[in-house]
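Colleague: Please give me a close look at the aromatic pairing in this one, and go through the helix geometry on the way there. Take as long as you need.

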Amino acid sequence: MTAFWFGALSLMLAIYVVLDGFDIGAAILHLFVARSDPERRSVLQAIGPYWDGNEVWLLAAGGVLVFAFPRAYAAAFAGFYLPLMLVLWILIARGMAMEVRSRDTSPLWRSFWDAVLALASVGLAILLGAAFANVIRGVGLAGRWFSTPLFTNFLVSRRPGVLDWYTVLVGIFTAIALAVHGGLFLACKTAEPVASRSREAAVRLLPWQALLAVLVTAATIRVQPVLFGAMLRRPLAWPLEFIAIAAPAYAYAQARRRHDLWAFLASCAFLACMLAAGCAGLYPHLLISRVSPVWDINAGAAAAGSISLLSGLWWWPASFVLVTIYFANLFRQFRGRVATSDDSGHY
């Protein structure tokens with residue numbers, strides 16, 4: 001039962017990264033690929049129907065963590081209190097920038113909120129990558145609780161901060177990967193010339209994404225060698241690793257041929273399989289202690305009672321199917337490219 005809920009949590013996190021990843025990436029790139037006010041409005045209209053719904057998957061994953069693994073939730077949310085507050089403030093800033101940016105026609109007003117949206121999106125991408133890196137690297141857990149400063153000496157020590165050389169490296173890699181993802185989404189959803197600029201930006205960033213992927217892999221082997229040992233012992237995870245390696249090359253080739261949908265789907269596969277492979281390597285750990293393996297929090301020890309986990313099977317599958325149908329209908333309703341916008345729309 002704990003394996004099922006660990007898989008459900010991993011699945012919901014992967015869906016969040018794939019869906020919210022494209023609107024975060026589009027916001028990171030929009031100052032560069034959209035150079036006039038109508039072009040920037042077209043970018044906002046391309047991601048506007050989805051961005052707030054995409055963030056629901058993060059809340060839903062948090063709900064599953066609370067329900068299925070309350071001990072891990074209590075330890076993680078107490079230990080990562082400061083970065084969680086930063087994430088909340090960034091989410092608020094992104095939402096405000098999206099909603100109030102076009103409420104006034106002043107160029108100064110709109111430029112200010114454009115900058116807020118881009119900076120908040122870069123910060124959110126780096127923080128999300130650093131958060132996942134913290135889970136992989138391990139935390140200074142020496143009891144039921146831990147407290148993590150934002151950074152200490154920037155080294156991977158027994159009691160590291162949220163930010164050190166490894167987590168920052170993963171954060172930068174995440175920002176680049178999401179920018180590629182957002183660029184390929186805009187290539188599918190916007191009209192010319194924004195689509196061409198977005199495709200070109202993604203093509204230019206893909207080699208940097210590949211280089212950083214190699215560096216992150218090497219750094220992870222050094223920081224947390226247990227992860228790769230676990231992956232090698234689980235053949236079912238090998239296809240995920242193969243897809244995560246091959247998908248960026250396929251996305252690059254399809255983008256060069258202007259096959260935007262296939263390039264975007266390859267980027268979706270890369271993000272989903274990379275995250276799923278990482279979770280497969282982590283299992284059964286939810287939080288790894290860098291102080292001593294005695295303090296590790298694994299799925300079995302952190303899980304709620306068997307009756308609670310079993311009762312969750314009555315509502316989670318039905319809710320998941322309903323939400324999936326909702327999102328399928330949402331993407332069907334807003335299919336097609338968004339025209340370069342005038343001042344008549346919401347965004």
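Modeller: Helix H6 (residues 107-137) has 31 residues, and its first and last C-alpha atoms are 44 Å apart, close to the expected 45 Å. That expected span is 1.5 Å times one less than the number of residues, and helices here are DSSP runs (H or I, at least four residues) numbered from the N terminus. Right after H6 comes glycine 138, with a positive phi of about 105°.

Some ground rules: this is a predicted model, so local features need pLDDT of at least 70 and side-chain atom pairs count only at pLDDT 80 or more, while totals for chains, interfaces and linings use all residues. Residues are numbered from 1 along each chain as its sequence is written, and side-chain values use heavy atoms, with hydrogens and water left out. The mean pLDDT (the predictor's confidence in each residue, from 0 to 100) is 90, with 99% of residues at 70 or more. Among the elements, helix H9 (residues 225-232) has the lowest mean, 83, and helix H7 (residues 165-189) the highest, 95.

Now H10 (residues 238-256): its 19 residues should span 27 Å and its end C-alpha atoms sit 28 Å apart, which agrees. There is still a kink of about 30° at alanine 246, shortly before proline 248; the bend is the angle between axes fitted to the seven residues ending there and the seven starting there. Ala244, Ala247, Pro248, Ala251, Gln254 and Ala255 of H10 are buried (under 20% relative accessible area; exposed is over 50%, partly exposed in between, with a 1.4 Å probe and protein chains only). The buried residues of H10 pack against H7, helix H8 (194-223) and helix H11 (260-282). Over in H8 you find threonine 220, which counts as buried at 6%. Leaving out residues up to four places away in sequence, threonine 220 touches Ile136, Tyr166, Pro225, Leu227 and Phe228 (contact means heavy atoms within 4.5 Å).

On to the rings. They pair if their centres lie within 6.5 Å, using the six-membered ring for Trp alongside Phe and Tyr; planes under 30 degrees apart are stacked, over 60 edge-to-face, the rest tilted. That rule gives 25 aromatic pairs. Take phenylalanine 4 and tryptophan 316: with centres 5.8 Å apart and planes at 90°, the pair is edge-to-face. Phenylalanine 4 sits in helix H1 (residues 2-33) and tryptophan 316 in helix H14 (residues 316-333), so the pair ties together parts 312 residues apart in sequence. Phenylalanine 4 is partly exposed at 36%, whereas tryptophan 316 is buried at 10%.

Next come tryptophan 5 and tryptophan 315, with centres 6.3 Å apart and planes at 35°, so this pair is tilted. Tryptophan 5 is in H1 and tryptophan 315 in the loop between helix H13 (306-312) and H14, so the parts tied together are 310 residues apart in sequence. Tryptophan 5 is buried at 0%, while tryptophan 315 is partly exposed at 38%. These four residues belong to one aromatic cluster that also includes Trp57, Phe67, Phe320, Tyr326 and Phe327.

Trp5 turns up again in the largest nonpolar core, which has 104 residues; Trp5, Trp57, Phe69, Leu184 and Phe185 have the most contacts inside it. H1 supplies the largest share of this core, 16 residues. (A nonpolar core is a set of buried Ala, Val, Leu, Ile, Met, Phe, Trp, Tyr and Cys residues joined through side-chain atoms within 4.5 Å.) Phenylalanine 185, leaving aside neighbours within four places in sequence, is in contact with Phe22, Ala46, Ile47, Tyr50 and Phe264.

How values were computed: Helix = DSSP H or I, 4+ residues; strand = E, 2+ residues; numbered from the N terminus.
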